[in-house]
Amino acid sequence: LLSHPFVSFPFFLLFPVLFFATLFFEQERVRITLQTAYATLIGFAISAFFWLPSMMERNETLVSRILTTQLADYKMHFLYLRQLLYSRWDYGGSIYGLEDGMSFQIGFVHIALVAITALFTVYTLWKTKSYKKVKTELVYGSLLGVAILMTTFKTQWIWDRISFLWYLQFPWRFLVFVSCFSSVLAALWLMHVAQKWWYPILIVI
């Protein structure tokens, strides 16, 4: 909240997915719920000097006009899935459609490594018949899917109904989480091959 409000806002949507997915796979649900609630309350409390006045007094400023209208209108900045696979690098900004002057590409390396993790996940599920063996992959895969969808026109109905998201201006801010979750997934498959003799060579490469 203190470092970057426009990143913390979308996290409020992704956090319930992480929380309930964790509860689904864990046994000590009461303990996890209480610890999470305590940490959340402490976090909101120590940062209240910043977010509480900004929420309570936003009608006294030009925030709503500046951040939600004209070129800052979120409806102009949704992405197409193809832009996540490839979009050209340039020196412009974000505009409506496919002719943006900036790149939103996730990256071929990340995509390839996430695909490898997906294959390992499917193989492990087929071999062990246990979701708990791949619970981390399933949780972060779900989060990655939600983050990707939130950048596209497919979820405009969500943006239309949750007004505080309008202040983000750009749905592609969710790419912060796409890069984070894809990096986690890209590394997870290494856990499956950590005992292999060629593992140190792979790390060096």
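**Note on an all-helix predicted model**

1. The buried residues of helix α6 pack against α7 and α9, and this packing is a convenient place to begin reading the structure. The model is a predicted one, and the points below should be read with that in mind.

2. As to the overall make-up, the protein has 10 helices and zero strands, so that, in the wording of the element order, the chain runs α-α-α-α-α-α-α-α-α-α from the N terminus on. Of its 205 residues, 33% are buried, and the protein exposes about 13300 Å², with carbon and sulfur atoms supplying 70% of that area. Where contacts between residues at least 6 apart in sequence are considered, 61% of them join residues at least 24 apart.

3. Helix α6 has 21 residues and spans 30 Å from its first C-alpha to its last, which is close to the 30 Å expected at 1.5 Å a residue. Its buried residues are Val114, Thr117, Thr121 and Thr124. Viewed down the axis of α6, these buried residues fall within an arc of 80°, and they therefore line one face of the helix. The face turned away from that buried side carries the exposed residues Phe108, Leu119, Val122, Trp126 and Lys127, a list in which a reader may wish to look at each side chain in turn. Just after α6, Lys129 takes a positive phi of about 55°.

4. Helix α7, formed by residues 135–149, can be read in a similar manner: with 15 residues it reaches 21 Å from its first C-alpha to its last, close to the 21 Å expected at 1.5 Å a residue. Buried in α7 are Glu137, Val139, Leu143, Leu144, Ala147 and Ile148. Because these residues fall within an arc of 165° when seen down the axis of α7, they line one face of the helix. What covers them includes α1 (5–25), α5 (81–85), α6 (108–128) and α9 (175–188).

5. Two residues in loops also deserve attention, and the earlier of them in this note is Thr155, which is found in the loop between α7 and α8 (156–161). Thr155 is buried, with a relative accessible area of 6%, and, leaving aside residues up to four places away in sequence, it touches Leu149 and Met150.

6. The other loop residue is Trp189, whose place is between α9 and α10 (199–204). With a relative accessible area of 9%, Trp189 counts as buried, since the cut-off for that word is under 20%. Trp189 and Phe120 are 69 residues apart in sequence, yet their C-alpha atoms lie 6.6 Å apart in space.

7. The last point concerns a pair of helices, α2 (residues 29–46) and α3 (residues 48–56), whose axes come within 5 Å and cross at roughly 75°. This crossing makes α2 roughly perpendicular to α3, because angles of 65 to 115 degrees are counted in that class. At the meeting of the two helices, Phe44, Ala45 and Ile46 in α2 are in contact with Ala48, Phe49 and Trp51 in α3.

Definitions and conventions: Residues numbered from 1 in each chain as written. Heavy atoms only, no water. Helix = DSSP H or I, 4+ residues; strand = E, 2+ residues; numbered from the N terminus. Buried < 20%, exposed > 50% of the residue type's maximum accessible area, 1.4 Å probe, protein only. Contact = heavy atoms within 4.5 Å. Areas by Shrake-Rupley, 256 points an atom, 1.4 Å probe, with all protein chains shown as cover. Expected span 1.5 Å × (residues − 1). Arc of directions from axis to C-beta. Axes fitted to C-alpha atoms, helices over the stretch in contact; angles between N-to-C directions. Parallel < 35°, antiparallel > 145°, perpendicular 65-115°, else oblique.
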